[in-house]
Amino acid sequence: MNNQLSMKLALVCLSLIFFASCKREHEHITPSKQGNTQSGPAEKIILGRKLENPYTVENMKIAFSNIASSSNSRISSDDSPVRLTHLYLRFLPKDWTEYDILKSDTTLKLYQIPLDYEIITYGNSYQDPDIPEDNPTWQYVAIKYDYNFNKNIRHEILAELYLPESDSSIEGEVANLRIHGKGFIDALVDEAMILTKNYDDTLQTNNTNRAAWNPNGTVKVYDTRLGKLIPLQGVRMRARRWFDVNEAVTDQNGWYQTAGFKRPANYSLVFETGGFDIRSGTFGQAMIDGPKQKSSWNVDLWDGVNRFYAHVFRGAWRYHYGYIGGLSRPILGFKLKYAAYDKSGSVQGLNIGTWSVFSINPNIFIYRFDEAVELDSDEIFSTTCHETCHTTHYIKMNAGPVQYLQVNEFIRESWPVAVEWYITSLEYRDRGIRDYGTGNYQIYASYPLDRAYQYWPIECKKEYSSIFINLVDNFNESLEWQSSSYPNDAVTGYSLSGIESNFLKHVYGQTSLKEQLKKNKPHNVTDEQIDLLMKSY
């Protein structure tokens, strides 16, 4: 049995859900919108008429015959490069396990919409009307004709294709031929477009419109804490010309640019990376289907569900790829799946975030609302980090259900409280709030963001405690607030990365934590100080 399969079987055995609960005052911040906007509630994609496919081998043969017989052509039917190069097909996973198997093949650039239909309304999701809402819908893709795809998943070949723009075998006299002022490939595709009445996809006669271009743009999201748009790094951007798809990933400035086309392209944004993806609820890929155009697509996510998806993505991206001060990455050998719910967790008796280690279901659940109040951007980011931390903690316990189940709830939740505070503080200090996450930084937000969780009396903290924050900060609540109701925290000098790498796997409760703290204490910390701090917990 390989290691990845062993890991997945172990995860299935651990059928527990741990959730983070928080109540807080909240101040709603309304953004001032300018420029391009993508906002509002989730929108269903609405399809129009089915288009006649210009790229079928049959239509391309006719198109070649037409240009070969034109008055200024010097080619014959023997020069035809038209042949089967690609297959247009669709998959229908029988369940979400098969859906995950299908998506694990990263060669497949899957779409939930058919690629040969007119799009009337762009949006976030599409469900085939013949498929129940809770089931995977058809997944559409074009692949090279000889690609060895997973044939165990139900599939249908919709068309045999010839894609001349991707045909590197065109050479010699044919490649250099000019027909009506156009190169051979341009003339062939134009003829196929005219033949199938897709006139909007023909090249214009002026040189400007016939020039190659690179789909590009920037992606930004409005941050309610910062009060401004910020770049969204790491999202997958797609530009599609019928069956030909080019991709790029946004950089630290939110900028992207794909390989080029000569004709308009259908844009889309996918909240996905190699290490994780964001689900639109329990299942289904969080994405935005954008316009078809021959110009930049700049996306500003001001509000609504798309902004929510973006901030879940931000938290996950930083934990997976950004600077996190030496903490471990949440790598399990398969993609983590974040279920981003456009609703309140309190409706289901949960709260703003939960965590599960089922490998066949979403592993992390994030909710947009706490009861009727929408979470602020840093709260969504922070909650995402908290729930992701359960995964790294599980890995540190040798990725074993037995070991992890022995950790009491106090440790299981206090550790992610500290990690979310630390990573979120790094993020917002990097973005200009220099005292973010300190004991004196007061905001209307869920713990531990408000004043670094240093103002809550001991009896209010319970399992979601500030113990690990107290080990690394230099803030003594008991002295600051002049009250014995707060922890007497004279301990400082530990680091979260040091705790995680050196002894977290040996900590199962308060007693073993105290033992490990003494064994691994910094030179300026005494056993008496540790005893005094731990007495509060």
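How many disulfides does the count come to? The count comes to 0 disulfides in this predicted model. The legends below take up that result and several further views of the chain.

**Figure 1. Overview of the predicted chain.**
The structure shown is a predicted model. The chain contains 16 helices and 21 strands. Of its 537 residues, 58% count as buried. Contacts between residues at least 6 apart in sequence were also examined, and 73% of them join residues at least 24 apart.

**Figure 2. The cysteines C385 and C389.**
A disulfide is a covalent bond between the sulfur atoms of two cysteines. The count of such bonds in this model is 0 disulfides. C385 takes part in no disulfide, and the nearest cysteine sulfur, which belongs to C389, lies 9.0 Å away. Why does the sulfur of C389 form no bond with that of C385? The two sulfurs are 9.0 Å apart, and this is too far for a bond, although C385 holds the cysteine sulfur closest to that of C389. A disulfide would need the two sulfur atoms to be within 2.5 Å. C385 is buried, with a relative accessible area of 0%. For C389, the relative accessible area is likewise 0%, and this residue is buried.

**Figure 3. The three-stranded sheet around β3.**
In which order do the 3 strands of this open sheet lie? The order is β5-β3-β6, and the pairing is antiparallel. The edge strands are β5 (139-144) and β6 (155-161), each of which pairs on one side only. From one strand to the next, the twist averages 25°. Strand β3 (residues 86-91) is joined to β6 by 6 bridges. The antiparallel pairing of β3 with β5 also comprises 6 bridges.

**Figure 4. Residues of strand β3 and their partners.**
F91 has a bridge partner in each of two strands: Q139 in β5 and H155 in β6. At another position of β3, R90 stands opposite E156 in β6. The side chains of the strand point in two ways. H86, Y88 and R90 point one way from β3, whereas L87, L89 and F91 point the other way, and all of these residues are buried. Because 6 of the 6 residues of β3 are buried, the strand is largely enclosed by the rest of the structure.

**Figure 5. The four-stranded sheet with β11 and β12.**
Another open sheet is formed by 4 strands in the order β12-β11-β14-β16, with antiparallel pairing. Which strands lie at its edges? They are β12 (244-249) and β16 (287-293), and each pairs on one side only. Neighbouring strands of this sheet are turned by 20° against each other on average, direction ignored. The pairing of strand β11 (residues 236-241) with β12 is antiparallel and extends over 6 bridges. Within this view, R238 stands opposite E247 in β12.

**Figure 6. The surroundings of D223.**
D223 belongs to strand β9 (residues 216-223). Is D223 buried or exposed? D223 is buried, because its relative accessible area is 0%, and a residue counts as buried under 20%. The side chain of D223 reaches two backbone nitrogens: that of R225 at 2.9 Å and that of L226 at 2.9 Å. Leaving aside neighbours within four places in sequence, D223 is in contact with K228, I230, H311, R314, S377 and Y428.

**Figure 7. Helix α7.**
How many of the 18 residues of α7 are buried? The number is 17, so the helix is largely enclosed by the rest of the structure. The length of helix α7 (residues 304-321) can be checked by simple reasoning. At 1.5 Å a residue, its 18 residues should span 26 Å. The expected span is 1.5 Å times one less than the number of residues. The end C-alpha atoms of α7 are 26 Å apart, which agrees with this expectation.

**Figure 8. S536 in the segment after α16.**
S536 is located in the segment that follows α16 (527-535). With a relative accessible area of 16%, S536 is buried, because the cut-off for a buried residue is under 20%. When neighbours within four places in sequence are left aside, S536 is in contact with I458, P487 and N488.

How values were computed:
Residues are numbered from 1 along each chain as its sequence is written. This is a predicted model: local features need pLDDT of at least 70, side-chain atom pairs count only at pLDDT 80 or more; totals for chains, interfaces and linings use all residues. Side-chain values use heavy atoms; hydrogens and water are left out. Buried means under 20% relative accessible area, exposed over 50%, partly exposed in between (1.4 Å probe, protein chains only). A polar contact is a pair of N or O atoms within 3.5 Å; within protein, one must be able to donate a hydrogen and the other to accept it, and residues adjacent in sequence count only if both atoms are side-chain atoms. Contact means heavy atoms within 4.5 Å. Two strands pair if DSSP finds at least two bridges between them. Axes are lines fitted to C-alpha atoms, for helices over the stretch in contact, and angles run from 0 to 180 degrees between N-to-C directions.
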